[in-house]
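Q: Please take a close look at one part of the model shown below, and explain how that part sits among its surroundings. A connected account, suitable for a first-year student, would be welcome.

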Amino acid sequence: MFEKSVTKMRLSDLMKSTNNFSKDNIIGSGRTGTMFKAELEDGSSLMVKRLQQSQHSEKEFLSEMNTLGSVRNRNLVPLLGFCMAKKERLLVYKLMVNGTLHNRLHFLEEGDKPLEWQTRLKIGIGAARGLAWLHHNCNPRIIHRNISSKCILLDGEFEPKISDFGLARLMNPIDTHLSTFVNGEFGDLGYVAPEYARTLVATPKGDVYSFGVVLLELVTGERPTHVAKAPESFKGNLVEWITQLSGNSELNDAIDESLTGKGVDSELFQFLKVACSCVVETAKERPTMFEVYQLLRAIGEKYHFTAEDDILVQTENGDAGVLEELIVAREN
């Protein structure tokens, strides 16, 4: 058990708390497994992720859990524990009461209002901070490889928490330090960087592309693979729609109408431009995650979202031993 003490749990306890992994308890599902809400006998709630089966040995799994358990940042979902039993591999996390960003944007329940701009901006900045921390502060740095709005969870204050970081390696047991994809698995549709199909190698700039799609979802309200606002004749995805609008100097048309006309139009357009810079075709022309975080933080400066951050940024010259320390100080 890692971040704080939780009751040591057995498979039978976790099965009982999730009503035997009932469909009614599913919070979300993705490429690495299915997340369930777990209700404990003392009335508290957690999230239990049931991983897809992999060929990982018990020793490798334990090693990976110790690594993930030691990675802590305010914008990463804290891992509280894990369970191994027979073929089951279960991860235990703190419950995020507002669910996934994907559902809050695209599957509003009756009576729910669309997220306000200030909340969306807060989510974008916080998620960028967490991903920048994985890319630039972890040693070796962690490439997520599966960024989407489904893996960004929201707590009671709508503070974003990135989940599934480190799991790509866990799900691909023959992986190497080069982060090569296996079995042609790249990530969720609509989020995959164009160079991946050619190189089959995950890179930080591939994460930046995927995160750019999440930013586009936040500012347009559209899904990554289907654009409701586009004409029926348009058959492309969200990035292709944005590219088309940009080429026709119609980028403003992309912004979610529920956000416009409220005195923040300049912020919306700046945010959209940052998103566009992340999804350019050529990987080397995309910003780093630290740069994305800085750009978004500047847009939200007047809202005082950010606490004090100490971010160590690895230099781009390839020397893993050289770190350039950039102190980013902001008052609460």
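A: A residue is called buried when its relative accessible area is under 20%, exposed when it is over 50%, and partly exposed in between. The model is a predicted one, and the account below centres on helix 7, after a brief look at the chain and at some of its loops.

The chain holds 10 helices and nine strands. Of its 332 residues, 52% are buried. Among the contacts with a separation of 6 or more, 62% join residues that lie 24 or more positions apart. The exposed surface amounts to about 16600 Å², of which carbon and sulfur atoms supply 47%.

Two loop residues illustrate the terms buried and exposed. F158 belongs to the loop that links strand 6 (152–154) to strand 7 (160–162). Its relative accessible area is 18%, so F158 counts as buried. Although F158 is not a glycine, its phi is positive, at about 60 degrees. S249 also has a positive phi without being a glycine, in this case about 55 degrees. S249 is placed in the loop between helix 8 (238–247) and helix 9. With a relative accessible area of 70%, S249 is exposed.

The central part of this account can now be considered. Two packed helices are described by the angle between their axes and the distance between the axes. Helix 7 spans residues 204–220 and helix 9 spans residues 265–278; the two pack at an angle of about 155 degrees, and their axes are 7 Å apart. An angle over 145 degrees counts as roughly antiparallel, and helix 7 and helix 9 are therefore roughly antiparallel to each other. The crossing of helix 7 with helix 9 is left-handed. On the side of helix 7, the residues taking part are V208, Y209, G212, L215, L216, L218 and V219, and these meet L268, F271, L272, V274, A275 and C278 of helix 9. By class, this contact comprises 12 nonpolar residues, one polar residue and no charged residue.

Helix 7 also packs against helix 4 (residues 117–136), here at an angle of about 170 degrees and with the axes 10 Å apart. Helix 4 and helix 7 are therefore roughly antiparallel to each other. From helix 4, the contact draws on W117, R120, I123, G124, A127, A128, L131 and H135, while helix 7 provides P204, D207, F211, L215, L218 and V219. These residues of helix 4 and helix 7 divide into 10 nonpolar, two polar and two charged. L215, L218 and V219 of helix 7 thus have a part in the contact with helix 9 and in the contact with helix 4.

A loop residue completes the surroundings of helix 7. P194 is situated in the loop between helix 5 (167–171) and helix 6 (196–199). Its relative accessible area of 30% makes P194 partly exposed. Apart from neighbours within four places in sequence, P194 is in contact with Y209, E281 and R286. Of these, Y209 is one of the helix 7 residues that meet helix 9. P194 and V279 are 85 residues apart along the chain, and their C-alpha atoms are separated by 9.3 Å.

Terms used
Residues are numbered from 1 along each chain as its sequence is written. This is a predicted model: local features need pLDDT of at least 70, side-chain atom pairs count only at pLDDT 80 or more; totals for chains, interfaces and linings use all residues. Side-chain values use heavy atoms; hydrogens and water are left out. Helices (H or I, at least four residues) and strands (E, at least two) are DSSP runs, numbered from the N terminus. Buried means under 20% relative accessible area, exposed over 50%, partly exposed in between (1.4 Å probe, protein chains only). Contact means heavy atoms within 4.5 Å. Accessible areas come from the Shrake-Rupley method with a 1.4 Å probe; for residues, only the protein chains shown count as cover. Axes are lines fitted to C-alpha atoms, for helices over the stretch in contact, and angles run from 0 to 180 degrees between N-to-C directions. Angles under 35 degrees count as roughly parallel, over 145 as roughly antiparallel, 65 to 115 as roughly perpendicular and the rest as oblique. A crossing is left-handed if the near helix is turned anticlockwise from the far one by less than a right angle, and right-handed if clockwise. Ala, Val, Leu, Ile, Met, Phe, Trp, Tyr, Cys and Pro count as nonpolar, Asp, Glu, Lys and Arg as charged, and the others, Gly among them, as polar.
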